[in-house]
Amino acid sequence: MVDTVERILEIYKRVVQQKIWTRLDSATQDVIQNSLLSMTVSALATPPSERKRAPDNRLCKMLVEAVLHVWTVPKTQSKEQWENLRSSFTKIFHRAKVLELCQNHIQAFSYYLMSKFLFSFKIYNKNVDRIIKASKRGGLPATPEAKSDFLQTFEPLPLDDSWTEIEAIQMWNNLFDIWRKADLQTIHQKHGSTAIYTIFDGFKKIVYQFVASEDLADFEEDGIDSKFDMVEAFAPWLWSQTDSKIALETGSTRVVYKAICKLFLRQSQHSYDTSLLSTLYATLEKGLLSHTRTQISRSILRKSMNIFSVCLPGSLVLLPAYFTEIQELFLHEVPAKSNEEPQASEGEKNLLKKVERVPPKVPPKKHDKGKEKETKLDEDLEEAEDESSENDEKRGEEEKKEKKENEEKEEKEKG
């Protein structure tokens, strides 16, 4: 069955790749795309718990990748078609594999957008190639930094050279809206917290990918003349999710704050409007004071401590909030000094009991014949010395007894 489905999906892919697609009217194109989407949702809507009827991950991968291929390659721009795709995918987000495949496709297209239109990685790629060649010759070691996680070689998308920057940015926005415009309330009700957290974490990974790529890109004095703005693409959604109850319930709020810190505190210098900086400072202050002594505040402290070293205008207004949270952490989590003996907790007591029950491990002695002979000889000498000392003691006692008997006989004779 899987082989048959694979051949059918190949037909869909060939239709959108060939020139015949451009000859079809928009209504026919919509029918082709929607038929594939309907088939995919119908096949994957069965929960994975129902093993007898649920398709495996291989079939899931083939179907989802085919849908994303048929929407991406022909440069689909219809808002109705993208809305249909997002609403249909919401029905199958209970599958972790579907979320993973959407994430991989968005990151692959993000890399295509950045490498072709936004940034230049000539110097970076040249250095990486030099390191890899040297490591193969036995020279320089192939360090983990040789290949960045965010510039990894994604499976190349079958895109031709006719793409323009405007088309690529528009397509990226449509793909990224799978996360950005996802109906979180419906997904949470139907599929639970895991799906929600995966969406938030996927959003954060995209932010990290763009920021890390910008840091690794070639430096240009005139900057990059692009119509793509990271802050405009990511910030509005992140601002809206800082107060989201769903994000708080699913443990995703700290992921939101991590993405905010990464987006604004970049290595490369950027100038921000005063209104944008005011929103940033108000958001960080709210996160520190509203979620004191939680994972959220700790994440903010860890990810934004360089806010003062990058010298953002007006960042000193955050000092009271930072000092307050640091003081709270020290007062409530660092044990105070006292003259009393520290009391062990229940966990520590149980651990001590387990340790006491375990006999100490004695390292095995190495087998050495010479040392064995010397040891045996020493033992024999010790035994001989013990026997001689015992004999001496016995002789001394016998002599004393004999002497005493002789004295008693002499006294009797005199009497």
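**Exercise 1. Among contacts in the chain between residues at least 6 apart in sequence, what percentage join residues at least 24 apart?**

Before we start, a word on the material: this is a predicted model, in which local features need pLDDT of at least 70 and side-chain atom pairs count only at pLDDT 80 or more, while totals for chains, interfaces and linings use all residues. Residues are numbered from 1 along each chain as its sequence is written, and side-chain values use heavy atoms, with hydrogens and water left out.

Step 1. A contact means heavy atoms within 4.5 Å.
Step 2. Take the contacts between residues at least 6 apart in sequence; of these, 77% join residues at least 24 apart.

**Exercise 2. Describe the chain as a whole.**

Step 1. Helices (H or I, at least four residues) and strands (E, at least two) are DSSP runs, numbered from the N terminus. The chain has 18 helices and zero strands.
Step 2. Buried means under 20% relative accessible area, exposed over 50%, and partly exposed in between (1.4 Å probe, protein chains only). Of the 415 residues in the chain, 38% are buried.

**Exercise 3. Work out the surroundings of two residues of helix 6.**

Step 1. Tyr112 sits in helix 6, which covers residues 96–118, and His105 belongs to helix 6 as well.
Step 2. Tyr112 counts as buried because its relative accessibility is 15%. His105 is buried too, because its relative accessible area is 12%.
Step 3. Setting aside neighbours within four places in sequence, Tyr112 is in contact with Phe117, Leu159, Asp160 and Trp163. With residues up to four places away left out, His105 touches Leu68, Thr72, Leu157 and Leu175.
Step 4. For a C-alpha distance, try Tyr112 and Ala168: they lie 56 residues apart along the chain, and their C-alpha atoms are separated by 8.7 Å.

**Exercise 4. Is Lys204 buried or exposed, and which residues does Lys204 touch?**

Step 1. Find Lys204 in helix 10, residues 193–216.
Step 2. Its relative accessibility is 16%, so Lys204 counts as buried.
Step 3. Not counting residues up to four places away in sequence, Lys204 touches Val255, Lys258 and Ala259.

**Exercise 5. Is Glu411 buried or exposed?**

Step 1. Glu411 is part of helix 18, residues 369–414.
Step 2. With 58% relative accessibility, Glu411 counts as exposed because of that value.
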